Amino acid sequence: LCAPTGIAAYNINGETLHRKLALGLAQDDPVTLFKMIAKSKMKYGRTWKFLTGTQILIIDEYSMVSPDFFNKLDYLFRKARNNNDPFGGVRLVMVGDWTQLGPIIARDRNDPEERTVERFVVDTEAWARMKICRLFLNRSYRQNEGDPYLDVLNEIRRGELSEQSETLL
């Protein structure tokens, strides 16, 4: 049970993906990361257990996971399990709302205008390889029907803010 941020992980009694992976910020390329783990399984025992022992990985707020990190996770699971299926055969349950926060993407410090092509996990090669079953939840549990704020949230989600909602805000 994981999430990309500490607050999101705390809210689900889980851990951040980075903590679960136990590789700090995991900034190296995936091949280097895997070599480091495989060379010293004693030092990276927690990481190895996560990569080889996980059967179902639940990621909350997955819209906030960076595409680079998502691809790294996919690669590490596949290599550790010697299984070329997406995420080495681990079942992913990803929960999120694409109308909320996206990932923070690091830019090239020498070129502040540079943008990555992969902005979200849905833009990644790992995502393209997955067999996805989408479930859409359409009932709000935090607001009741008739609550004006629920209407505002739904309008914002559709990108259609009415004058009435704008006034309320």
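# A walk through the helices, the core and the pocket

The buried residues of α3 pack against α4 and α5. That's a handy place to step into this model, which is a predicted one. Which residues of α3 are the buried ones? They are Leu33, Phe34 and Ile37. If you look down the axis of α3, these buried residues fall within an arc of 95 degrees, so they line one face of the helix. A general point about helices helps here: an α-helix has 3.6 residues a turn, so residues three or four places apart point the same way. Turn to the other side of α3 and you'll find Lys35 and Lys39, which are exposed. Before leaving this helix, have a look at its N-terminal end, where Asp29 acts as a cap. A side-chain oxygen of Asp29 lies 3.2 Å from the backbone nitrogen of Val31.

Now step back and take in the whole chain. The protein chain has 169 residues, and 30% of them count as buried. It holds 8 helices and 4 strands. Reading from the N terminus, the elements run β-α-β-α-α-α-β-α-β-α-α-α. Take the contacts in the chain with a separation of 6 or more: residues 24 or more positions apart account for 60% of them.

With that overview in hand, let's go inside. The largest nonpolar core has 29 residues, and Leu21 and Leu76 are those with the most contacts inside it. Several elements give two or more residues to this core: α2 (17–21), α3 (30–39), α4 (45–53), β3 (56–60), α5 (67–81) and α6 (125–129). Which of them gives the largest share? That would be α5, with 7 residues.

Leu76 is a good residue to follow from here. Setting aside its neighbours within four places in sequence, Leu76 is in contact with Leu21, Leu23, Pro30, Leu33, Phe34, Ile37 and Leu51. You've already met some of these names: Leu33, Phe34 and Ile37 are the buried residues of α3. Leu21, the other residue picked out for its contacts inside the core, is also on the list of partners of Leu76.

Leu21 leads us on to Thr47, which sits in helix α4. Is Thr47 buried or exposed? With 0% relative accessibility, Thr47 counts as buried, because the cut-off for that is under 20%. A polar atom of the Thr47 side chain lies 2.5 Å from the backbone oxygen of Leu21. Not counting residues up to four places away in sequence, Thr47 touches Leu21, Ala22, Leu23 and Ile37.

Next stop is strand β3, where you'll find Asp60. This residue is buried too, with a relative accessible area of 17%. What does Asp60 touch, once residues up to four places away in sequence are not counted? Its partners are Cys2, Ala3, Pro4, Ala8, Ile12 and Val95. Move along to Glu61, in the loop between β3 and α5. Glu61 is partly exposed, at 22% relative accessible area. Its phi is near 55 degrees, a positive value in a residue other than glycine.

There's another spot with a positive phi further along the chain. Asn82, in the loop between α5 and β4, has a phi of about 50 degrees although it is not a glycine. Asn82 counts as exposed, at 74% relative accessibility. Arg81, by contrast, belongs to helix α5 and is partly exposed, at 25% relative accessibility. Leaving out neighbours within four places in sequence, Arg81 is in contact with Leu51, Thr52, Gly53, Thr54, Gln55, Phe87, Gly88 and Val90. One of these partners, Gly53, is 28 residues from Arg81 along the chain, and their C-alpha atoms are separated by 9.1 Å.

We'll finish with the open space in the model. The largest pocket takes in about 2000 Å³. Its lining is made up of 48 residues. Which of those lie nearest the centre of the pocket? They are Met94, Val95, Gly96, Asp97 and Leu137. The elements that give two or more residues to the lining are α1 (6–11), β4 (91–95), α6 and α7 (148–158). Val95 links back to an earlier stop, being one of the residues that Asp60 touches. And α6 has turned up before as well, among the elements that give two or more residues to the largest nonpolar core.

Note on methods: Residues numbered from 1 in each chain as written. Predicted model: local features only at pLDDT ≥ 70, side-chain atom pairs only at ≥ 80, totals over all residues. Heavy atoms only, no water. Core = buried A, V, L, I, M, F, W, Y, C linked by side-chain atoms within 4.5 Å. Buried < 20%, exposed > 50% of the residue type's maximum accessible area, 1.4 Å probe, protein only. Contact = heavy atoms within 4.5 Å. Arc of directions from axis to C-beta. Polar contact = N/O pair within 3.5 Å; in protein donor to acceptor, adjacent residues only side chain to side chain. 1 Å grid on protein atoms, 1.4 Å probe; cavity = no way out; pocket = protein on both sides within 12 Å on 5 of 7 lines; lining within 4 Å. Points joined across faces, edges and corners; volume = space filled by probe spheres on them.
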